[in-house]
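Here is a short tour for someone meeting this protein model for the first time. Have a look at the picture, then read on.

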Amino acid sequence: MLRLLDHPPVILAALLTLVPFLWAAFCPRTLQLAGRMPVWLRLLAPAVLGFPYALVAGSNGLFRWTWLALYTLLPVLISVLLYWASLADPEQRGDWRDLLVLVFLGLAVDLRWFEPAWGPRLAIFNKILLLDAGIYGFLAIRRLGQVGFNLRLRLHDLRIGLLWLAAYAPIAVTLGLWLGFLHFHPLIPSARQVLLAWLFTFFFIAVPEELFFRGWMQNLLERRLGRVWALFITSALFGLSHFNKRAAHFNGRYVLLATLAGIFYGLAWRQERRIGASAITHASVDTIWSVWLR
């Protein structure tokens, strides 16, 4: 990984992959500018997401035209589907095309369908590129409201995030220790280590998952099923997405704890409809787990 990051093409690919994600997160209003473009250009624009694949794969000898076609055309297809959804469902009550995109993106990431395109330790490119495609499709093309994808955090986001962390932590620790899923480690890491672990988790795990499960999925389900059912269904699906994590078989203990966590993350997001708030809860839970309880 470090050797590959010494290659200028890989560094450029990392920038091209991260910039759309971070730009949308910190300058969300600029996504509205897509509406000023001709429709054909608006729908074809995300084809540029294939370029980072070409740069990385060309650097490590894994380039395949089929993968380039996938990363070029898939974001366009997502945009087309969500454009049709915006025309068929202007009230944003949820359309079958929304569901299709969510199911596809969720399965592609969780089951690691496209990770062989990247080689060892570079699969993060796949996750962020699919996230970029979803961000552009749902926020620039579909213009889905009440997502709350704005990472210019406020003090209130911190309060909400830590409040729901405090509510979930005693339940998680008690249940996790009883199930044998959690184990205390007498480790005293430096503040720098904890901060770096939290920041990495926040940007590359918590924010993408919170945007997908809360900002898009729970948000859309609320419009059809109401707040309670949307919260529990999204939390259950969030839990099931962890079925194959850190185990060669169905990891029921992880699924249970992740489902419970999803309820608290969903409540944190729902309080002000802010991804930043639930991502603070999520990143804090994962950091505490990875540093002291894994």
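Where does Arg273 lie? Arg273 is found in the loop between α10 (252-272) and α11 (275-293); helices here are DSSP runs of H or I with at least four residues, and strands are E runs of at least two, numbered from the N terminus. Before going further, a word on the ground rules: this is a predicted model, where local features need pLDDT of at least 70, side-chain atom pairs count only at pLDDT 80 or more, and totals for chains, interfaces and linings use all residues. Residues are numbered from 1 along each chain as its sequence is written, and side-chain values use heavy atoms, with hydrogens and water left out.

**Two arginines with positive phi**

Most residues other than glycine have a negative phi. Arg273 goes the other way, with a positive phi near 55°, and Arg143 has a positive phi near 55° too. Arg143 sits in the loop between α6 (124-141) and α7 (155-179). Are these two buried or exposed? Buried means under 20% relative accessible area, exposed means over 50%, and partly exposed is in between (1.4 Å probe, protein chains only). Arg273 has 18% relative accessibility, so it counts as buried, while Arg143 has 45% and therefore counts as partly exposed.

**Helix α7**

The 25 residues of α7 should span 36 Å at 1.5 Å a residue, and its end C-alpha atoms are 35 Å apart, which agrees; the expected span is 1.5 Å times one less than the number of residues. Even so, α7 bends by about 30° at Tyr168, the bend being the angle between axes fitted to the seven residues ending there and the seven starting there. A proline, Pro170, follows within four residues. Buried residues of α7 include Asp157, Trp164 and Tyr168, and what covers the buried residues includes α10 and α11 (contact means heavy atoms within 4.5 Å). Just after α7, Gly180 takes a positive phi of about 80°.

**Salt bridges**

How many salt bridges does a search of the whole structure find? There are seven, counting a side-chain nitrogen of Lys or Arg within 4 Å of a carboxyl oxygen of Asp or Glu. Here are some of them:

| Pair | N to O distance |
|---|---|
| Arg97 and Asp95 | 2.6 Å |
| Arg142 and Asp98 | 2.8 Å |
| Asp157 and Arg274 | 2.7 Å |

Asp157 and Arg274 link distant parts of the chain: Asp157 is in helix α7 and Arg274 is in the loop between α10 and α11, 117 residues apart. Both Asp157 and Arg274 are buried. Salt bridges that share partners also join Asp89, Asp98 and Arg142 into one network. Within that network, Arg142 counts as buried because its relative accessibility is 2%, and Asp98 counts as buried because its own is 1%. Arg97 and Asp95 are both buried as well.

**A buried aspartate in α6**

Asp132 lies in helix α6. With a relative accessible area of 4%, Asp132 is buried. Which residues does Asp132 touch, not counting residues up to four places away in sequence? Its contacts are Thr17, Pro20, Phe21 and Leu49. Leu49 is 83 residues away from Asp132 along the chain, yet their C-alpha atoms are separated by 8.1 Å.
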